[in-house]
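Visitor: I would like to learn how to read a structure of this kind, beginning with helices that pack against each other. Could you take me through it step by step?

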Amino acid sequence: MIAKLTIRNLRANSGRFAMTTFGVVLAVSFVVSAFVLGDGLRRTFGDLTTDIVAGTDLEVRPLDEFGIIGSLDDDDVAAVLAVDGVVDAVGFVEAPENSVRPITPAGEEIPGAGPPQLAFSWSDAPGFSPFTLIEGEAPELGEFVIDFGSADRHGFEIGDAYTVLTGTGRHELTLSGLTRFGSDNQTLGATLMAMNANETDALFGTMGFDSIAVALTDSARADIDSAAALVGGALTDVEVLTQATIEEETAAEFNTQIDIIQSILLGFAGVSLLVSIFIIGNTFAIVLAQRTREMGLLRLVGADANQLRRGAMGEAGAIGLLASAIGIPGGIGVAAGLTALFDALGLTFPDYDIVIATRTILVALAVGVGVTLISAWWPTRNAARVPALAALRTGAAGRSETSRTRTIVAIALAAIGAACVAVGIAGGGSTTAMITMLAIGAIAIFGAVTAISPRLVGPIASAFGLVFERLGMPGRLAIRNARRQAGRTATTAAALMIGLAVVSMALVVGESVKTELGSALDESVMADYLLTDQVADAGFPTSVVEELEADPALGAVTGFRNSQMQVDDEVVDVTAASFDALPTLFDLDISEGGFGDPTSSAIVSRSLADEDSVAIGDVFAATLNNGATVDLAVSGIFDEDSLIAEDWLVDVAVYNTAGVVASETWIAFSAAAGADATAVAAAIDRIEERYPQGELETASEFQERMEGLIDQILSVLNALVALAVVIALIGIANTLALSVSERTREIGLARAVGMSRRGVRRMIRYESAVIAAFGAVLGVAMGIGFGWLMVEALPASFADALAIPSGQIITLVVIASVAGLLAALLPARRAGRMNVLDAIAS
Amino acid sequence: MNLSLQNSTIPTLDATAQIAASARSATKVYGDGDTRVTALDHVDVAFEASRFTAIMGPSGSGKSTLMHCMAGLDRLSEGSVFIGSTDITATSEKELTTLRRERLGFIFQAFNLIPTLSAVENITLPSDLAGNRVESAWLEHVVATVGLADRIDHRPNELSGGQQQRVAVARALAGRPELIFADEPTGNLDSRTGAEILEFMRQAVREFGQSIVMVTHDPVAASYADRVVFLADGRVVDELIDPTPDNVLDRMRNLGD
């Protein structure tokens with residue numbers, strides 16, 4: 001009987017519950033899409049991994065250790081070939097990702113933000129190379145080959161010459177042939193090129209091979225570990241990897257990327273779930289409150305509290321089940337939508353198989369049903385306690401809040417939150433540990449605010465009253481109505497609060513980071529131009545600095561050559577610049593000492609000096625990355641660490657004397673004093689022509705671009721959170737619609753004593769605006785608080801002081817309130833249309 | 001007061017009759033201090049089995065409170081209540097639920113039916129909740145008695161007010177409870193439909209030996225009962241055996257004096 005009632009109730013309230021279900025459907029969809037995408041990509045990349053390593057039994061690589069200059073040459077290949085059991089060995093080199101970019105026949109670069117553009121040394125050793133030549137010839141000097149998929153896509157033709165941009169400049173190369181990658185050229189959108197092995201160093205700026213692929217005889221392959229040891233023994237400072245290890249390594253790299261995508265989607269699912277919990281809980285509370293008399297009647301004719309609860313929980317379970325059922329195909333849709341979105345943004349997403357694992361379906365069901373049951377638990381429990389006498393009472397029975405429990409919970413959560421925050425800030429652990437503690441603290445505080453929020457409705461609504469009381473009787477009634485059911489107002493607003501808390505926290509952190517970046521650049525950059533490698537992140541040949549120095553139109557020039565060295569048995573990052581040019585290009589805020597002897601001194605960062613008690617005059621025996629040693633005396637300490645992330649700064653003379661090889665990671669320069677503007681412009685044009693990988697900008701352009709990047713991250717986050725806000729608004733509309741039907745008599749009465757339809761509509765809309773504004777104010781307040789915690793947790797070079805983008809924050813509150821007005825459109829219309837007599841009679 | 005009660009302790013129709021429910025020194029007080037209201041003031045009353053008893057009184061006389069307390073829906077401040085020989089004064093909520101389910105039936109003025117269940121589902125609801133089955137011959141007999149045979153699968157909103165109330169009567173009868181409490185069962189009905197319902201109730205008492213206690217302020221409705229108990233200011237002030245509308249009205253008029 002209870003089951004029958006459950007089904008009938010679901011049918012009777014289907015419209016109401018459909019709105020409620022929306023949030024759960026969305027959440028389930030995101031969970032499913034995370035898994036579908038993740039599993040699909042994993043399978044696709046798994047196939048790809050197998051293609052890449054097919055045929056290679058062993059791979060020889062330079063040992064990845066400090067002090068070893070990693071490169072292999074023909075002698076090494078010959079040494080490997082001489083080893084017993086080796087059938088063949090070929091050296092390979094791969095250019096830094098995206099550093100080799102062809103200009104298409106349409107005269108454009110292939111967008112750098114999409115799948116990678118990769119270039120290799122060509123080898124036609126059968127079985128080794130994942131490439132098979134399917135048309136044309138292997139590349140001779142001055143030639144290259146490309147995978148046929150990319151050739152089709154961009155219209156490359158065999159025999160034509162194309163400009164190819166590389167780390168060493170522009171090159172004219174003729175397309176000699178087309179290749180197929182693996183068995184079916186599944187490149188996942190990547191552009192794959194190969195050049196003649198004899199000119200890869202000149203083209204890519206590499207030195208020798210970065211790996212040697214080895215094929216073994218069947219007998220040697222049977223004892224792969226001994227074979228690996230033999231090959232390793234033939235060379236020094238190398239590691240030898242088996243096919244299985246390479247496959248695992250490659251898969252692990254892909255998986256890291258896939259995990260990131262998956263975490264983002266799951267994170268969003270989490271926000272939707274959190275928001276949904278409030279909305280479902282609220283809808284249940286109201287629907288059950290409306291059914292109070294009916295439930296009383298059931299109690300009267302003999303239903304016990306357990307039966308009523310089971311019935312209501314059954315409804316919740318069925319809704320959850322339905323939401324999951326819609327969410328599973330929905331998730332596949334979301335995955336497809338995201339793929340399309342990425343494509344539209346120019347970030348070609350790899351084609352992937354749609355994989356629906358049993359696990360995905362089970363998780364979807366658990367999430368959908370679980371969340372609905374959890375949300376419905378409290379309202380159901382309260383409703384089942386309805387006394388039988390409720391059936392005989394007239395009018396809707398208002399239930400009192402269990403405010404004492406709420407207060408205790410709030411205090412407990414606030415205490416836990418405060419403790420976590422205190423430990424997080426005072427603990428002095430790593431940034432990750434700090435953020436973890438703060439995140440736990442923030443969630444606890446969030447819970448505390450949610451628990452206590454019904455109590456905040458009164459005071460905050462009174463404050464809003466200053467505005468709304470002026471809007472006449474509808475405004476006054478709206479405020480009173482919002483206050484009358486403080487618990488409901490608070491719960492409805494909570495959903496919006498979550499969304500706005502996340503958005504405003506992101507805005508505050510973003511603004512603080514921008515402010516720090518802006519002040520750092522303003523105060524410390526005097527250079528006219530910054531040249532950075534935004535494409536491949538591979539830097540520039542050292543010859544660039546020499547060319548710039550030689551240009552009479554230009555003045556001070558320095559590069560920054562990042563490398564590593566060993567100090568006190570610890571490997572540290574070091575960068576080399578020109579001590580000569582540096583002071584005129586940057587103000588590093590050297591608070592103690594200054595620049596010393598270029599060949600034997602270093603200046604260190606303030607954080608290193610403080611943490612490791614390094615003082616002026618301390619001398620360190622440093623081993624550079626080529627094994628050379630040099631004694632470095634600390635001559636100064638710099639405080640401005642926003643531009644130079646390395647703790648150690650030395651003059652280029654240190655590198656040059658020791659013969660350290662390192663490219664220029666970035667370069668800064670100014671125009672020569674009194675130089676002719678056209679000469680400077682010509683010099684700049686030449687640089688841009690010569691080094692197409694470079695981004696040449698002024699300090700303020702650089703700042704704008706960095707701010708743009710921050711805004712881009714924020715906008716992605718905001719777009720996701722916007723969905724949570726939409727769910728929250730649906731929740732408000734839902735609550736209001738229920739309130740309207742609950743207050744039918746009251747509205748009828750107001751109409752009977754002379755309130756106009758318009759007045760009724762306004763009353764409902766204002767109430768909605770009050771709820772939305774309440775949620776927005778609490779959310780923004782919490783968001784700013786959390787933002788402050790984040791800023792505290794981040795390193796000072798990243799975000800130092802709290803900066804609040806007040807304009808954006810106010811806009812956010814206004815938008816939320818206006819959206820609240822919109823959410824009330826339908827319920828308000830319904831309230832306005834009520835027939836006065838029917839309303840009173842009900 | 002000019003009333004003279006022959007038996008002022010426990011008024012009964014017949015000293016040998018079985019008692020379906022009784023109250024001893026039943027007192028119910030609401031509120032505290034200034035808002036203190038005594039709804040029932042040491043009421044002693046007994047309702048015989050297989051009889052139709054009406055409780056009458058003006059608004060605020062305590063008639064509904066008496067019924068609620070006797071049905072175990074509300075608790076007395078003082079005194080005790082018996083259903084048959086069971087003292088339910090201190091029974092737990094859970095046991096009261098079982099008691100209602102198995103031994104009592106209810107008919108109300110309005111909102112009597114679960115809107116999502118059909119007429120027959122409403123009729124068998126108490127038994128279904130208890131996990132029992134209504135004997136089908138009995139169910140048919142009850143349904144036929146209230147004249148609902150052709151509307152049995154309709155939802156409440158497809159039935160007229162009178163038909164809905166007939167479903168409610170059938171529901172109360174279906175479980176063969178020891179006692180049915182009816183609270184203004186004809187309050188929302190026109191007089192002709194009301195008369196029909198009252199006739200069914202009387203028929204149930206005559207034919208099935210059902211015990212019914214009805215709260216009403218309508219003298220015509222009260223005249224269908226075998227006996228009328230009058231309440232005023234929380235006290236039993238009078239009673240009438242085999243009432244007619246006229247003498248009920250007469251007594252009512254004298255209550256305020």
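Guide: This is a predicted model, and a good place to begin is a pair of helices, H8(A) and H15(A), which are roughly antiparallel to each other. The general idea is that two packed helices are described by the angle between their axes and the distance between the axes. Here helix H8 (residues 243-290) of chain A packs with H15(A) at an angle of about 170°, and their axes are 8 Å apart; angles over 145 degrees count as roughly antiparallel, which is why the pair is given that description.

Visitor: Which residues make the contact between H8(A) and H15(A)?

Guide: From H8(A) come A:Val271, A:Leu274, A:Val275, A:Phe278, A:Ile279, A:Gly281 and A:Asn282, while H15(A) brings A:Arg488, A:Thr491, A:Thr492, A:Ala494, A:Ala495, A:Ile498, A:Gly499 and A:Val502. Sorted by class, the residues of this contact are nine nonpolar, five polar and one charged.

Visitor: At what angle do H15 and H24 of chain A pack?

Guide: Helix H15 (residues 486-524) of chain A and helix H24 (residues 806-823) of chain A meet at about 160°, with 11 Å between their axes, and they are therefore roughly antiparallel to each other. Their crossing is right-handed. On the H15(A) side the contact is made by A:Leu496, A:Leu500, A:Val503, A:Ser504 and A:Leu507, and on the H24(A) side by A:Gln808, A:Ile809, A:Leu812 and A:Ala816; by class, that gives seven nonpolar, two polar and no charged residues.

Visitor: How many residues of chain A are in contact with chain B?

Guide: In this model 17 residues of chain A are in contact with 19 residues of chain B. On the chain A side, the elements giving two or more residues are helix H1 (2-12) and helix H9 (292-300), and the residues of that side divide into 10 nonpolar, three polar and four charged. For the complex, the predictor gives an ipTM of 0.78 and a pTM of 0.68.

Visitor: What is the mean pLDDT of chain B, and where in that chain is the pLDDT below 50?

Guide: The general caution is that where pLDDT is low, the predicted coordinates should not be read in detail. Chain B has a mean pLDDT of 84, with 92% of its residues reaching 70 or more, but over residues 1-13 of chain B the pLDDT is below 50, although this stretch has 19 contacts in the model beyond near neighbours in sequence.

Visitor: What secondary structure does chain B have?

Guide: Chain B has eight helices and 10 strands, and of its 257 residues 47% are buried.

Notes
Residues numbered from 1 in each chain as written. Chains lettered and ligands numbered in written order. Predicted model: local features only at pLDDT ≥ 70, side-chain atom pairs only at ≥ 80, totals over all residues. Axes fitted to C-alpha atoms, helices over the stretch in contact; angles between N-to-C directions. Helix = DSSP H or I, 4+ residues; strand = E, 2+ residues; numbered from the N terminus. Parallel < 35°, antiparallel > 145°, perpendicular 65-115°, else oblique. Left-handed = near helix turned anticlockwise from the far one by under 90°. Contact = placed C-beta atoms within 7 Å. Nonpolar A, V, L, I, M, F, W, Y, C, P; charged D, E, K, R; others polar. pLDDT = per-residue confidence, 0-100. Buried ≥ 20, exposed ≤ 12 C-beta atoms within 10 Å, placed from the backbone.
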